[in-house]
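Colleague: Could you walk me through this one? I'd like to go from the loops to the overall picture.

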Amino acid sequence: MKKRIMIALLGALIASSAMAEEARVAAISAAPGNLTTLPASIAGRVLKDPAKGYQYQWPGIYFDAAFEGKQVYFNVGPGNVILRVLVDSVEKAKLVKPAAGWYQVDGLNNTAHTIRVEVISESQAGPNIFGGFALDNSGKVLPLSRRARQIEFIGDSHTVSYGNTSASRDCSEEQVWATTDTSQGFGAITARHYGADYRVQAISGRGVVRNYNGFAADTLPAAYPYILFNKADRDTSPDWRPQLIVIALGTNDFSTPLNPGEKWKTREALQADYVTGYVDFVRSLRAGNPDAYFILWATDGANGEIQAEVGKVVAKLKAGGEDRVHFMPVNKLTFGGCHWHPSVADDRTIANGLTTFVDAHPELWTARKTSQ
């Protein structure tokens, strides 16, 4: 009798799992008339537009919600973007340049679920829009627990995860865009390891004081304070206070020779400006995050110049009294992604270096004892 009951229970579990696996994500021609808003938890900088939804431009942004029901809806605005849709932490669809409009996720069990729509592509050219989640009358809004840990990742294309899923280093511009997957980058991997929310504040090609090959555009510190790259609105999120801030900047400052007409006449002048600019940037971050722990990491690229200069930055910070900062050299990556960028395997190597250090220093999650 007990054996038959166990078999029946096992069968029910398998059947339930099979039903859940039938979840479908599809565009619909029009939204049902009985939809109500399903509140979203947002990880990343967004500009709320009452008419359109959430405008965003920084990579790695994701939207979470919890509900009970057999289906859920979400709205996507116009723009070139790759979205990953997960239900109960399982990927159900990857939408590449999805048409603007409403999408339905159905085929679910009539139980509690979570949904996440995450942005895995880079959008330097302009912002995109997410219109939010919704339920019909058969669904029920559930509370979504906030994660206690928050990690911010600041950097350039390495932090964006530029072309990290590519099987070749030789990529067209479109192939770079299509093979960039921030959800498989070292930031997302590290955050998942700690069950943390994360932000990716990174732009490919940007440096601390000099962009790649000296091209004219805002450096990362200049763009950093703003919600969108047009610099119209500063980010003032009161609920974002990361315990850990991970920064990797310098590849674009040093990976190319100085060009005629650039303001630095010598490499030494560039190095000195970089160290000063980087130190100032970290100190500005410290002013807004008094309890955060900083990890500055660098590859062994540019014949070791990047690591040497980041080492000087950390030394200067410590000499100035900064005691919650660590320098992490990262060596011998394969750079198998597009245009000699870190591959997914390299991202795992970087994440392993980060988690190894953090696991050995659990105290970094704790606020300073002097904090009020």
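Modeller: Helices and strands here are DSSP runs, at least four residues for a helix and at least two for a strand, numbered from the N terminus. Keep in mind that this is a predicted model.

Colleague: Fine, so where does Asn303 lie?
Modeller: Asn303 is not a glycine, yet its phi is positive, about 55 degrees. As for its place, look at the loop between β17 and α8 (305-319).

Colleague: And is Asn303 buried or exposed?
Modeller: The cut-off for exposed is over 50% relative accessible area. Asn303 comes to 84%, so it counts as exposed.

Colleague: What about Asn213, how accessible is that one?
Modeller: Asn213 also isn't a glycine and has a positive phi of about 55 degrees. Its place is in the loop between β15 and α5 (220-223). Partly exposed means between 20% and 50%, and Asn213 is partly exposed because its relative accessible area is 36%.

Colleague: Which residue with a positive phi follows α4?
Modeller: Helix α4 covers residues 186-194, with Tyr194 among its buried residues. Right after the helix, with a phi near 60 degrees, comes Gly195.

Colleague: Which elements do the buried residues of α4 pack against?
Modeller: The buried residues in question are Phe186, Gly187, Ala188, Thr190, Ala191 and Tyr194. They pack against two helices and three strands: α2 (157-160), α9 (344-360), β14 (150-155), β15 (197-202) and β17 (293-299).

Colleague: Zooming out, what radius of gyration does the protein have?
Modeller: The secondary structure comes to 9 helices and 18 strands, and the C-alpha trace spans about 75 × 45 × 45 Å along its principal axes. For 372 residues, a compact globule would have a radius of gyration near 21 Å, so the protein agrees with that rule at 22 Å.

Colleague: What share of the contacts with a separation of 6 or more joins residues 24 or more positions apart?
Modeller: For background, 52% of the 372 residues count as buried. Among contacts with a separation of 6 or more, the share from residues 24 or more positions apart is 77%.

Colleague: Last one: over which residues is the pLDDT below 50?
Modeller: The mean pLDDT is 93, and 93% of the residues reach 70 or more. One stretch is below 50, and beyond near neighbours in sequence it has 5 contacts in the model. Where pLDDT is low, the predicted coordinates shouldn't be read in detail. The stretch is residues 1-20.

Note on methods:
Residues are numbered from 1 along each chain as its sequence is written. This is a predicted model: local features need pLDDT of at least 70, side-chain atom pairs count only at pLDDT 80 or more; totals for chains, interfaces and linings use all residues. Side-chain values use heavy atoms; hydrogens and water are left out. The radius of gyration is taken over C-alpha atoms; the globule rule is 2.2 Å times the number of residues to the power 0.38. Buried means under 20% relative accessible area, exposed over 50%, partly exposed in between (1.4 Å probe, protein chains only). Contact means heavy atoms within 4.5 Å. pLDDT is the predictor's confidence in each residue, from 0 to 100.
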